[in-house]
Amino acid sequence: MPPTTTRRTRRRTLRQILGGVRRRARRAAGRARRIWRRSLQLQVVTSTLVISVIVVVVLGTFLSDQINNSVIERRQQSAASDASADRLRIADALSRHEDDQSKPAEAGKTVPPDPLDEVMDAIIGSGGDGSKKRYEVLILNVAEPGQSRASGNVTPADVPPALRQKLQRQVEKFIDTPQRFTDRIQFAGETQPRQTLVIGAVISAYGGYEVYHFFPFTDEEQMLSNVRLAIVVVGFGLVLLLAAIAYLVTRQVVSPVRLARQAAERLAAGKLDERLKVRGEDDLARLATSFNEMAANLALKIHQLEELSQVQRQFVSDVSHELRTPLTTVRMAADLLYDAREDFEPMASRSAELMQAQLERFESMLADLLEISRYDAGAATLDLDSVDLRDVVLRAIADSEALAERHSTRFELRLPNEPCMAEIDNRRVERILRNLLFNAIEHGEGRDIVVTVGADRDAVAVAVRDHGIGLKGGEDTLVFDRFWRADPSRARTIGGTGLGLAISREDATLHGGWLQAWGQPGEGSQFRLTLPRRAGLDLKGSPLPLVPPEIEMRRTWRGQMTPVLLPATGDGGAHGES
């Protein structure tokens, strides 16, 4: 295999791995977001935890700084006091030595060579309470460097240069104020530097001496470290304790709310006997009581409405059936009058024709009312058969051609070449298509009507497109309501009952299908019927789009179009929008 192909394969494999990782991360993030949005208890506990952490961090930082400043300040004050006492000792020893040197020497008595030895023994010795001093001293003899003294592992090199420069400037100005300097110093024989306070002063009255005291903060740093650790441990425990308290408190509140939510869901699902248990007399108990009263009233109202609806359905069904007998008699008489209308006077002949037309409309309305009553009673059934949907469409168009000719409307058919077989009730689907075609003829303003048939593996669909007045926003669902009219002032030109689309939607739902509408003012409307190929199969999509392709393309083109300034021309429409 060539190296280029190998690299491409590796890149492709790497991209696949990274894509899989990203998908898993997105799924995990999605699950976390869903859990976060759905759990009130998690939100409260998390919010309490975050706020507690912020408060504990702020308070812990404040306490740590206060303790640190207090310990350091106390240590500096103690160090300044010890350094001042040592400098007095050194000055006193140098003064006695100068006095001894100024007196005449007595026979048999010798003068000590250097007074600093006695002072250093006193400084580095034990204190009054038997404890060893926790600092080191360096005495530099400026005139005779060889006569310097130091305790411990301190050397002149350990003196910070900045501190020594300050002392030298003081000597030039005849100032003997002690100076402080804090730095990390690594003493001889030690592996790690230590934070150390260095206090320096000049004793210039007795030949020029520089005295440096080194106060390591080892014990203080250890104590502050222990304090910070204690603050962290206590803060962490406090945060966990607050989170546990928040969890317990929110559980007491959320658990009844969760039970109420579950009861409300079961109540919404139709279980009207669902009730909550009432414990105590607090707000949650009163909420449960109010919920139970609401559920009882709702069940009572629903029961009353069901009884009223049952009475209404029974009334419509009974009236519709009872009207058939007189309607049949009236129909027979009207047929006789209509057949003999040529022997009547013009007014009587016209009356016979009007009576015949209105009787046909009345019969149609009565048939629709009977059909609606069957659906309301749940008595509608399907007579399924495997049918080619194209044949059903052709028959519905043949039944509508006479009406289309009267309205100067033409049909444009878009049928697939292959059969569109589906298990449907031939009569009901043909009625749906006739209702859609009649509706398109009535509202199509005489323009062409496009009928499209499509199919895929799971579903078949028919779309009826007109180019009439269209539908306003929200009317795509209202159009299927019983007796609904987009414009009440607009007269029906066909004489429908106002129940055709409502019955069509019930027929589509009985098949397990969809009947949907789309429309825009001035762009016309489109109704799409989608049915499963096999009875009982759940629909996941439709083979045909609900929005006409030309409208969708126009939307896409407008969304991608950017404004461009074109030069003016003499032709006012040359650069207009197409």
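**Side-chain contacts in the predicted model**

In this predicted model, arginine 434 and glutamate 430 are joined by a salt bridge in which the closest N and O atoms are 3.3 Å apart. The two residues are four positions apart in helix α9, and are therefore separated by about one helical turn. Arginine 434 is partly exposed, at 25% relative accessibility, whereas glutamate 430, with a relative accessible area of 13%, is buried because this value falls under 20%. Both residues also belong to a network, in which salt bridges that share partners join Arg395, Asp399, Glu430 and Arg434.

A search of the whole structure finds 18 salt bridges, among them a contact between the side chains of arginine 410 and aspartate 448, with an N to O distance of 3.3 Å. Arginine 410 is placed in the loop between α8 (389–406) and β7 (411–414), and aspartate 448 in the loop between α9 (426–443) and β9 (449–455), so that this salt bridge ties together parts 38 residues apart in sequence. Arginine 410 is exposed, with a relative accessible area of 57%, while aspartate 448 is partly exposed, at 29%. A further salt bridge is formed by arginine 457 with aspartate 458, for which the closest N and O atoms are 3.7 Å apart. Here arginine 457 is exposed, with a relative accessible area of 70%, and aspartate 458 counts as partly exposed at 29% relative accessibility.

Aromatic contacts were examined in the same way, and a search of the whole structure finds three aromatic pairs. In one of these, the ring centres of tyrosine 135 and phenylalanine 215 lie 4.8 Å apart with the planes at 35 degrees, and the pair is therefore tilted. This pair links distant parts of the chain, since tyrosine 135 is found in the loop between α3 (116–124) and β1 (136–141) and phenylalanine 215 in strand β5 (residues 209–216), 80 residues apart. Tyrosine 135 counts as buried at 8% relative accessibility, and phenylalanine 215 is likewise buried, with a relative accessible area of 0%.

In another pair, the rings of phenylalanine 480 and phenylalanine 527 have centres 6.0 Å apart and planes at 85 degrees, an angle over 60 degrees, so the arrangement is edge-to-face. Phenylalanine 480 lies in the loop between α10 (475–478) and α11 (500–510), and phenylalanine 527 lies in strand β12 (residues 524–532), so this contact ties together parts that are 47 residues apart in sequence. Both phenylalanine 480 and phenylalanine 527 are buried. Finally, a contact between a charge and a ring is present, in which the charged end of arginine 341 sits over the ring of tyrosine 338, 3.9 Å from the ring centre.

Definitions and conventions
Residues numbered from 1 in each chain as written. Heavy atoms only, no water. Phe/Tyr/Trp six-rings, centres within 6.5 Å; stacked < 30°, edge-to-face > 60°. Buried < 20%, exposed > 50% of the residue type's maximum accessible area, 1.4 Å probe, protein only. Lys NZ or Arg CZ within 6 Å of the ring centre and 35° of its normal. Salt bridge = Lys/Arg side-chain N within 4 Å of Asp/Glu carboxyl O.
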